[in-house]
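Visitor: I should like to be guided through a structure, one question at a time. May we begin once it is shown?

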Amino acid sequence: MNDVARLAGVSIKTVSRVVNDEPGVHPATAERVLAAIDQLGFRRNLSARNLRRGSSTGTIGLVLEDVANPFYSGVTRAVEEISRLRGRQVITGSSDEDPARERELALEFCSRRVDGLLIVPAGLQHGYLVPEMRAGTPVVFLDRPAGDVVADTVLVDNIGGTIEAVSHLAAHGHRRIAFLGDAPDIFTANERLRGYREGCVRSGVGYQEDLVVMGPHDERSIAAALRRLGGFREPPTALVTGNNRITVYVLRALAGTVDRPALVGFDDFELADLLSPPVTVIAHDASALGKAAGDLLFARLDGDNSPPRRVVLPVRLVARGSGEVRA
């Protein structure tokens with residue numbers, strides 16, 4: 001401020017009034033101060049200013065599994081849009097399914113005094129957030145619930161979605177339906193496995209443990225799993241995949257194969273409708289997930305003190321061809 005005042009030929013008090021948008025400064029003087037700020041390359045520290053005033057820092061923290069995943073990109077975009085309308089910026093970080101990294105990011109955002117936190121949890125222990133929540137920082141969990149704290153949560157209907165996938169395949173005559181899911185300690189993976197089991201029972205095909213392959217997965221492990229399943233005396237005639245990445249790994253492993261099993265994937269993904277055959281999916285709206293979580297967070301910031309809510313968003317089967325192959 002001393003440097004700006006010297007260059008603009010005004011008092012420090014005048015500089016303070018200009019940068020804090022206070023009245024009582026002649027427009028020509030204010031323009032001279034702003035020009036001096038630009039010339040010196042200074043920027044206002046809005047967070048520091050707001051903290052001094054005891055008001056919002058204008059930021060929201062968002063912790064995701066992987067910002068490169070198209071699904072989470074959709075979530076991020078929705079959170080950014082609702083935050084922009086409310087005058088906030090979003091700070092985002094990827095946990096890479098590492099609980100320690102999740103904790104590090106969340107506490108780093110809290111140290112920066114974000115107005116609120118949105119978290120896709122990687123672990124099951126979130127007691128580290130209790131002091132922040134008691135201090136007034138609202139926290140909303142999305143896609144998965146927290147492990148050991150009670151907080152607002154937005155989920156999708158994982159169980160209902162895989163029940164529908166199995167029922168759809170069974171309706172096309174399939175009786176040996178395999179399930180390829182993510183690591184079972186991940187909430188969504190475990191819920192989708194539960195839905196697969198229930199779907200098998202409801203459809204009368206029976207649950208068969210040897211047709212289940214859980215992760216974590218990469219391209220090589222999926223290819224190996226498909227070779228093993230294909231080597232059975234009665235190989236599965238249909239597959240349910242537990243997320244968009246696993247679906248893509250399966251498609252790569254099956255590329256060039258003439259007699260492909262029927263396939264229904266959980267999560268839609270880009271170009272799924274343009275493949276041959278187009279991929280049938282259990283779709284849910286990533287932007288709706290981000291918006292619902294953002295709405296809950298901003299309701300808390302606006303003073304909503306009602307008990308924590310659990311919102312479950314619907315899913316839908318999009319039939320495109322790969323899941324309609326008859327046994």
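Guide: A salt bridge is a side-chain nitrogen of Lys or Arg within 4 Å of a carboxyl oxygen of Asp or Glu. Please keep in mind that this is a predicted model.

Visitor: How far apart, N to O, are the side chains of Arg86 and Asp302 in their salt bridge?

Guide: Arg86 lies in the loop between H5 and strand E2, and Asp302 in the loop between helix H12 and strand E11, 216 residues apart. The side chains of these two residues nevertheless meet in a salt bridge, with an N to O distance of 2.7 Å.

Visitor: Is Asp302 buried or exposed?

Guide: A residue counts as exposed when its relative accessible area is over 50%. The relative accessible area of Asp302 is 56%, so Asp302 is exposed.

Visitor: Which residue forms a salt bridge with Arg245?

Guide: Arg245 is in helix H11, and its partner is in the loop between strand E1 and helix H5, 179 residues apart. The closest N and O atoms of the pair are 2.5 Å apart. The partner has a relative accessible area of 16% and is therefore buried. The residue that pairs with Arg245 is Asp66.

Visitor: How far apart are the end C-alpha atoms of helix H9?

Guide: Helix H9 has 17 residues, 187-203. The expected span is 1.5 Å times one less than the number of residues, so H9 should span 24 Å. The model agrees with this, because the end C-alpha atoms of H9 are apart by 24 Å.

How values were computed
Residues are numbered from 1 along each chain as its sequence is written. This is a predicted model: local features need pLDDT of at least 70, side-chain atom pairs count only at pLDDT 80 or more; totals for chains, interfaces and linings use all residues. Side-chain values use heavy atoms; hydrogens and water are left out. Helices (H or I, at least four residues) and strands (E, at least two) are DSSP runs, numbered from the N terminus. Buried means under 20% relative accessible area, exposed over 50%, partly exposed in between (1.4 Å probe, protein chains only).
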